[in-house]
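Reader: Please take one part of this model and go through it closely. I want the site around the ligand, then whatever connects to it.

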Amino acid sequence: MGFEVSRRLSQLPPYLFAEIDKKKKAAMAAGKDVINLGIGDPDTPTPGVIIEALAEAARDPATHQYALDNGDPAFRSAISEWFARRYGVKLDHESEIYPTIGSKEAIAHFPLAFLDPGQGALIPEPGYPPYRGGVVFAGGIPFPMDLKKQNGFFPDLDAVDTRLAAMSRLIYVNYPNSPTGVLATREFFQKLVAFAQKHDLIIVQDAAYAEMAYEGRALSILEIEGARERAIEFHSFSKTFNMTGWRVGFAAGGSELIAGLGRVKTNVDSGIFTAIQRAAAVALKHYDALVPPLVEMYRRRRDTFCGGLSRMGWDVVPPQSTFYVWIPAPKGFTSVEVTLKLLEEASIVTTPGSGFGLAGEGYIRATLTAPEDRLALAVERMKSLKW
Ligand code: MLT
């Protein structure tokens with residue numbers, strides 16, 4: 001029929017990970033033994049105790065109706081208790097916590113609550129594509145802040161153009177960081193809060209990888225003095241508990257920000273299946289038993305993969321956190337050229353750094369979501385490539 005898509009949609013490229021998935025499926029259909037280091041989707045299953053909790057909850061007809069609004073009060077209380085234990089911050093379970101359908105949708109919907117068309121949002125680059133997508137869907141203007149190696153992969157807040165900061169209402173950060181694997185320092189978060197206060201910005205902190213740190217522990221932005229009223233932090237069960245397909249997470253932060261998010265969400269969705277909320281509450285209860293072994297598993301994988309790449313002479317820094325390895329592209333190759341060569345000549349799926357924004361050019365991202373022997377095999381295959 002020749003319908004043109006909206007100007008907003010036409011500003012965005014096709015969704016990065018959906019495109020990579022197509023390439024992976026095509027290679028598999030061609031009979032290749034594909035090693036998938038593309039999307040960050042855990043390869044080990046959801047723990048049994050969470051599945052049992054879901055099955056039990058699903059048998060209770062009280063879980064079968066619309067969850068609506070801010071969800072199951074017992075789930076919000078479980079989040080509040082866990083948050084206090086984990087981060088030392090006591091959140092009000094009515095007004096400072098909001099269950100979300102994974103963190104992606106909430107991150108993408110949040111700007112609709114606080115950004116008017118023509119207003120700006122400072123976003124990190126390289127960064128998770130829904131930061132830009134959410135801002136564009138709200139009619140806003142994304143202003144990238146480059147994450148450079150020489151700045152430890154933190155945005156240089158002193159270098160942000162003050163005119164752009166004045167036009168902006170939101171500033172996005174993501175620590176532990178995808179794709180670079182860097183953990184935020186307390187000093188960086190303090191500086192960020194001071195910057196947000198100075199320019200009257202709302203801080204949007206994506207904490208999807210907060211439970212996956214190899215050195216020290218990840219901080220919540222809400223631990224920082226002055227952050228509580230102007231920050232919203234998005235947490236996810238996806239990577240922490242191997243629950244990507246379940247779509248459950250939560251937002252935590254200032255009550256005005258949570259209320260704004262809630263107003264958007266009640267207009268576009270009808271809540272999370274209550275049985276999933278009950279199962280997620282059980283996951284939090286078993287956090288101490290479930291999460292550290294997973295982190296140890298990824299640590300071993302990280303050491304195998306990064307050790308192998310280093311021995312091959314690749315200049316790779318093992319990530320401090322997340323299951324992502326941010327690898328400089330060999331000299332003379334663009335990010336896309338490296339990922340194509342890896343796929344075509346070694347059947348290894350990775351993500352081009354440029355897919356995370358222009359500032360990601362010159363890198364590729366590999367995930368550790370494959371068993372150790374497959375990661376070792378990936379290194380072996382990479383050894384035979386000519387660059
Ligand atoms: C990633 O690989 O960065 C994420 O898992 C992708 C996503 O959540 O869409």
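Author: What follows starts at the ligand and works outward through the strands, loops and cores. The model is predicted.

Start with the ligand. Its surroundings are Tyr15, Phe17, Ile39, Gly40, Tyr128, Tyr209, Lys239, Tyr324 and Arg365. Three polar distances stand out for a closer look. A ligand oxygen lies 2.4 Å from a side-chain N or O atom of lysine 239. For tyrosine 128, a side-chain N or O atom is 2.8 Å from an oxygen of the ligand. Glycine 40 takes part through its backbone: one of its polar backbone atoms is 2.7 Å from a ligand oxygen. On its own the ligand has 270 Å² of accessible area, and the protein covers 88% of this.

Take Tyr324 and Arg365 next. Both are among the residues around the ligand. Strand E9 covers 324–328, and strand E12 covers residues 363–367. The two strands pair in the antiparallel sense, over five bridges. Tyrosine 324 has threonine 367 as its bridge partner in E12. Arginine 365 in E12 stands opposite tryptophan 326. Four of the five residues of E9 are buried, so this strand is mostly covered.

The sheet itself is open and has three strands. Their order is E9-E12-E11, and the pairing is antiparallel. E9 and strand E11 (351–352) are the edge strands, each pairing on one side only. In general, the strands of a sheet pair through backbone hydrogen bonds, either parallel or antiparallel.

Now Tyr209, another residue around the ligand. Tyr209 is in contact with asparagine 174, as are Tyr131, Gln205 and Asp206. Asparagine 174 sits in the loop between E5 and helix H9 (186–199). Its relative accessibility is 2%. Buried means under 20%, so asparagine 174 counts as buried. The asparagine 174 side chain also reaches two backbone oxygens. That of aspartate 206 is at 3.0 Å. That of proline 176 is at 3.1 Å.

Tyr131 leads to helix H7. The helix spans residues 129–137 and is mostly covered, with seven of nine residues buried. The buried ones are Pro129, Pro130, Tyr131, Gly133, Gly134, Val135 and Val136. Just after H7, glycine 139 takes a positive phi of about 85°.

Strand E5 (residues 168–173) holds serine 168. Is serine 168 buried or exposed? It is buried, because its relative accessible area is 5%. Beyond its sequence neighbours up to four places away, serine 168 touches Gly120, Ala121, Leu122, Phe143 and Leu201. Its side chain reaches the backbone oxygen of leucine 164 at 2.7 Å. Serine 168 and glycine 48 are 120 residues apart along the chain, and their C-alpha atoms are separated by 45 Å.

Proline 155 belongs to another loop, between strand E4 (141–146) and helix H8 (162–167). At 6% relative accessibility, proline 155 is also counted as buried. Its contacts beyond four places in sequence are Met145, Asp146, Leu147, Tyr175 and Phe188. C-alpha to C-alpha, proline 155 is 30 Å from leucine 294, with their positions 139 residues apart in sequence.

Turn to the cores. The largest nonpolar core has 104 residues, and Phe189, Ile221, Phe237, Phe241 and Phe305 have the most contacts inside it. Helix H12 (residues 287–311) gives the most to this core, with ten residues. Another core, of 21 residues, lies apart from it; Ile107, Ile123, Tyr131 and Ile232 are among its members. In soluble globular proteins, nonpolar side chains tend to be buried together.

Look closer at phenylalanine 237. Leaving aside neighbours within four places in sequence, it contacts Phe75, Asn242, Met243, Val248, Gly249, Phe250, Ala280, Ala283 and Leu284. Gly249 and Phe250 bring in strand E8, which covers residues 249–253. E8 pairs with E2 in the antiparallel sense, over four bridges. Isoleucine 97 has alanine 252 as its bridge partner in E8. Strand E2 covers residues 97–100. Ile97 and Pro99 point one way, while Tyr98 and Thr100 point the other way. All four are buried.

Definitions and conventions. Residues are numbered from 1 along each chain as its sequence is written. This is a predicted model: local features need pLDDT of at least 70, side-chain atom pairs count only at pLDDT 80 or more; totals for chains, interfaces and linings use all residues. Side-chain values use heavy atoms; hydrogens and water are left out. A nonpolar core is a set of buried Ala, Val, Leu, Ile, Met, Phe, Trp, Tyr and Cys residues joined through side-chain atoms within 4.5 Å. Buried means under 20% relative accessible area, exposed over 50%, partly exposed in between (1.4 Å probe, protein chains only). Contact means heavy atoms within 4.5 Å. Two strands pair if DSSP finds at least two bridges between them. A residue is near a molecule or strand if one of its heavy atoms lies within 4 Å of it. A polar contact is a pair of N or O atoms within 3.5 Å; within protein, one must be able to donate a hydrogen and the other to accept it, and residues adjacent in sequence count only if both atoms are side-chain atoms. Accessible areas come from the Shrake-Rupley method with a 1.4 Å probe; for residues, only the protein chains shown count as cover.
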